[in-house]
Amino acid sequence: MEIEGNFSYSKSLVLTKERILDLVEILEGYCERIKYEVVTINNLTITFQSKEELLAYDNYGKKRIKELTISGYSKYSRVFRMDYLSKQWGSLLGYWKTVKCSHAFSDMKDAEQFKEAILLLLRKATPSYWWVGKISTWGIIWISSALSTVYYIFTGKAFKYEGGAGLFFVGGAIAFLIIALSVSFDYYIIGSLYPPISFAWGEELNRAQKNDRLRGNIFWVIVIGIIVGLLTSFLFNKIFA
């Protein structure tokens, strides 16, 4: 008997050396050998035959890891495959799934325990800011535009364009610029500060720590800004009421 299954995870992750070692410890209980394959920022594919090789990788610059696939084998058959996925261009959400896992076991109890153990580890590796990375300004613009279009069509408020070709061209160029800026902001700013997965070892650990400090600074700037704004408004009303 062979029981095939799959599951996924949809929150962001911070994978440190310690988390990877904890993950491998779980995986080694279900297979005889493990293969690690990574895709880098500049789309190189690198295969590692051991966790030591993977964690010794310098993980720097354009050769930073953006995706990781871990496959476990017993004899000649694959027991499981786990894909840790990166952020995609132009997504309506900041990111969708961060982990996809497929597995095949001969015992139902093994399949259930495997899934529970992996999901528990993933929850432990999930940062508190995971929801911020889900935000997509491009998605907000797209959904708002789609809903507005549907509303105007069904309420009969659609209008006929009567301007010239030049004005139409300028409007199209502005719309394209807004779309390009929103997609770039999502990918380079939100995606950098709130990545779906941070492979925090090697040189990437320094980058992850720097982003932690920057996120903290942004949080306090926003909080202090709100407090100052509320106090200013309160005092203004008291003085000039």
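This section describes the sheet, the helices packed on it, the largest pocket and the salt bridges of a predicted model.

Strands of a sheet pair through backbone hydrogen bonds, in either a parallel or an antiparallel manner. In the present model, six strands make up an open sheet with antiparallel pairing. Their order across the sheet is S1-S7-S6-S5-S3-S4. Strand S1 (3–9) and strand S4 (45–48) form the edges, each of them pairing on one side only. On average, and with direction ignored, neighbouring strands of the sheet are turned by 15 degrees against each other. At the S4 edge, strand S3 (residues 33–40) runs antiparallel to S4 and is joined to S4 by four bridges. Val-39 has Thr-45 of S4 as its bridge partner.

Two helices lie across strands of this sheet. Helix H1 (residues 17–27) lies across S3, strand S5 (65–74) and strand S6 (77–84), and runs at about 160 degrees to S6. Helix H3 (residues 108–124) lies across S1, S6 and strand S7 (99–105); its angle to S1 is about 10 degrees. Strand S6 is thus crossed by H1 and also by H3.

Rolling a probe the size of a water molecule over the atoms shows where empty space is left. The largest pocket holds about 700 Å³ of space. Its lining consists of 34 residues, and those nearest the centre are Ile-41, Arg-64, Gly-191, Pro-195 and Arg-207. Two or more lining residues come from each of strand S2 (13–16), S5, helix H5 (165–193), strand S8 (197–200) and helix H6 (204–240). The greatest contribution is that of H6, with eight residues. Sorted by class, the lining comprises 16 nonpolar, nine polar and nine charged residues.

Six salt bridges are found in the whole structure. In one salt bridge, the side chains of Glu-28 and Lys-51 meet at 3.5 Å, N to O. This pair links distant parts of the chain, with the two positions 23 residues apart in numbering. Glu-28 belongs to the loop between H1 and S3, whereas Lys-51 is in helix H2 (residues 51–56).

How values were computed: Residues are numbered from 1 along each chain as its sequence is written. This is a predicted model: local features need pLDDT of at least 70, side-chain atom pairs count only at pLDDT 80 or more; totals for chains, interfaces and linings use all residues. Side-chain values use heavy atoms; hydrogens and water are left out. Two strands pair if DSSP finds at least two bridges between them. Axes are lines fitted to C-alpha atoms, for helices over the stretch in contact, and angles run from 0 to 180 degrees between N-to-C directions. Contact means heavy atoms within 4.5 Å. On a 1 Å grid over the protein atoms alone, a cavity is a set of points where a 1.4 Å probe fits but cannot get out, and a pocket is an open set with protein on both sides within 12 Å along at least five of seven lines; lining residues have an atom within 4 Å of a point. Grid points are joined across faces, edges and corners, and a volume is the space filled by probe spheres set on the points. Ala, Val, Leu, Ile, Met, Phe, Trp, Tyr, Cys and Pro count as nonpolar, Asp, Glu, Lys and Arg as charged, and the others, Gly among them, as polar. A salt bridge is a side-chain nitrogen of Lys or Arg within 4 Å of a carboxyl oxygen of Asp or Glu.
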